[in-house]
Amino acid sequence: MPSYLNSSRIRKPASASLRRHSSSPFSGATRVKPSIQRAKSLAEAYVKANAADNDGEDEDDRLDATGVTLSIMPDPAVVDVLSAMRHATESMFCSIPERAGMNSTRIAEVLNFQKNLPPLVSLAHVHALISASSKTEREISTLIASGEIRRIKVAGRGNDISGASDFLMTTASLQKLLHDSGIAADVSDNYLHLLKQHPRATSLPSGLLSPTHITALTKAGFLVSTSSITRNLSLSGSSLTATSAISRAFSGSSGAVGGEAAFENLGGVGSAKRFTSSASSSSTAHLLVSVPNIGAYIRLLNAGRAHLVELLNKSSYKEAPMYLLRERWDGAVDGESSASKARMVRGVFSEVMPAKTKKWRNLWGLRFVWALEECLGTGMVEGFETGSVGLGVRALR
């Protein structure tokens with residue numbers, strides 16, 4: 001009997017199995033999952049399509065302007081200067097969303113910051129809401145003369161409309177700030193009486209107020225001494241122009257302190273005032289009219305303008321559709337758009353929390369439209385009709 005019949009187990013030769021495996025034409029190929037292979041093919045097709053599009057002209061990325069440019073943001077509720085000021089103060093901040101990602105301490109900090117800001121309106125913001133600039137200036141002048149509004153000037157912040165130096169405020173709001181500041185009634189009444197007597201004045205002679213009243217109003221932030229502003233401006237760099245001439249002058253002479261041109265060399269504008277005695281100097285010194293927390297307001301104003309222009313500069317040709325610019329400003333969080341509301345109804349929420357965005361982290365919830373109106377009024381941006389994607393915004397600086 002053959003030997004292989006005695007075994008109950010059939011065994012295949014190892015050489016046959018190895019030969020069959022090696023003879024397969026796909027034996028050396030690497031196995032790839034179908035999903036990965038499909039994603040790779042789609043990516044290659046997308047790259048080829050973009051390369052073919054870029055071979056043509058780059059004008060396809062630019063928004064199609066119809067020729068209609070907008071330098072204002074029209075609003076049906078704005079009909080005059082007072083309504084424009086009311087609109088600007090009431091629409092400055094957004095309400096805190098339900099899913100803000102902020103604890104109670106941060107929410108209280110944001111709300112207190114918004115509450116403590118003075119109800120100021122920049123002159124540029126008023127011009128961004130009303131088209132007739134000459135008529136607006138005449139109306140502002142009439143309201144100031146009648147005592148309904150007050151003009152507040154800030155030194156060293158620019159002299160034209162694009163700067164942050166010219167603000168408007170209603171007299172009623174100023175009275176409320178005085179009464180809520182805790183200043184004595186006689187001090188606030190005397191101060192309001194002086195403002196009523198000088199409706200157009202942005203500064204008051206110090207001789208019209210007693211030293212105790214000046215101290216109380218200065219500590220509360222309603223008056224600013226011009227001496228500190230002049231001292232800071234004199235150290236801004238122009239004070240070094242006459243250093244070589246001063247160093248060669250004899251000690252004790254007028255040349256050792258700058259000579260006749262010392263005032264101009266120290267950054268002064270106009271003619272220097274010379275006083276014969278300390279009494280006359282104190283009586284002719286001027287105090288700028290101000291309001292509390294105006295510094296925080298100006299810093300927020302400049303930060304909002306700069307952030308909006310920065311977002312535009314990231315786009316091609318420094319222009320973008322208004323809806324896209326708004327999404328960038330909000331930080332790609334859940335908003336009031338129909339698409340965002342539909343996602344929230346389905347239970348799909350954005351992974352980005354408002355507390356992590358610059359809008360709430362650095363700008364304290366500043367509204368996008370408010371910042372856009374500021375930039376339009378200063379001439380930093382302009383709006384234009386596209387005819388396809390609605391209103392577009394273009395940076396001019």
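Which residue in E10 is the bridge partner of Glu 382? The E9–E10 legend gives the answer.

**Overview. The whole chain, a predicted model.** Local features need pLDDT of at least 70, side-chain atom pairs count only at pLDDT 80 or more, and totals for chains, interfaces and linings use all residues. Residues are numbered from 1 along each chain as its sequence is written, and side-chain values use heavy atoms, without hydrogens or water. The chain has 18 helices and 10 strands. These are DSSP runs, numbered from the N terminus: helices (H or I) have at least four residues, strands (E) at least two. Of its 397 residues, 33% count as buried (under 20% relative accessible area, with exposed meaning over 50% and partly exposed in between; 1.4 Å probe, protein chains only). The exposed area is about 24200 Å², by the Shrake-Rupley method with a 1.4 Å probe. Carbon and sulfur atoms supply 55% of that area. Among contacts (heavy atoms within 4.5 Å) with a separation of 6 or more, 69% join residues 24 or more positions apart.

**View 1. Strand E9 with its partners E1 and E10.** Strand E9 spans residues 381-385, and 4 of its 5 residues are buried. Strands pair if DSSP finds at least two bridges between them. E9 and E10 (residues 391-395) are antiparallel, with 5 bridges. Here Glu 382 has Arg 394 of E10 as its bridge partner. The E9–E10 hairpin has 5 residues between the strands. Gly 387 in this hairpin takes a positive phi near 85 degrees. E9 also pairs with strand E1 (residues 69-70), again antiparallel, over 2 bridges. Thr 69 has Phe 384 of E9 as its bridge partner.

**View 2. An open sheet of 3 strands, with helix H8 packed on it.** The strand order is E5-E7-E6, and the pairing is antiparallel. Strand E5 (203-205) and strand E6 (223-225) are the edges, each pairing on one side only. The twist averages 35 degrees from one strand to the next. Axes are lines fitted to C-alpha atoms, for helices over the stretch in contact, and angles run from 0 to 180 degrees between N-to-C directions. E6 and strand E7 (residues 286-289) share 3 bridges. One bridge links Ser 225 to Leu 287 of E7. Helix H8 (residues 185-197) touches E5, E6 and E7. The direction of H8 makes about 105 degrees with that of E5.

**View 3. The crossing of helices H14 and H18.** Two packed helices are described by the angle and the distance between their axes. The axes of H14 (residues 294-313) and H18 (residues 368-378) come within 9 Å and cross at roughly 85 degrees. The two helices are therefore roughly perpendicular (65 to 115 degrees; under 35 is roughly parallel, over 145 roughly antiparallel, the rest oblique). H14 contributes Tyr 297, Leu 301, Gly 304, Arg 305 and Leu 308 to the contact. From H18 come Phe 368, Trp 370, Ala 371, Leu 372, Glu 374, Cys 375 and Thr 378. By class, the contact has 8 nonpolar, 2 polar and 2 charged residues. Ala, Val, Leu, Ile, Met, Phe, Trp, Tyr, Cys and Pro count as nonpolar, Asp, Glu, Lys and Arg as charged, and the others, Gly among them, as polar.

**View 4. Phe 93 in the loop between helices H3 and H4.** The loop lies between H3 (81-90) and H4 (104-116). Phe 93 is buried, with a relative accessible area of 14%. Leaving out residues up to four places away in sequence, Phe 93 touches Gln 114, Leu 117, Leu 300, Leu 363, Trp 364, Gly 365, Leu 366 and Arg 367. Phe 93 and Trp 364 are 271 residues apart in sequence. Their C-alpha atoms are 7.8 Å apart.
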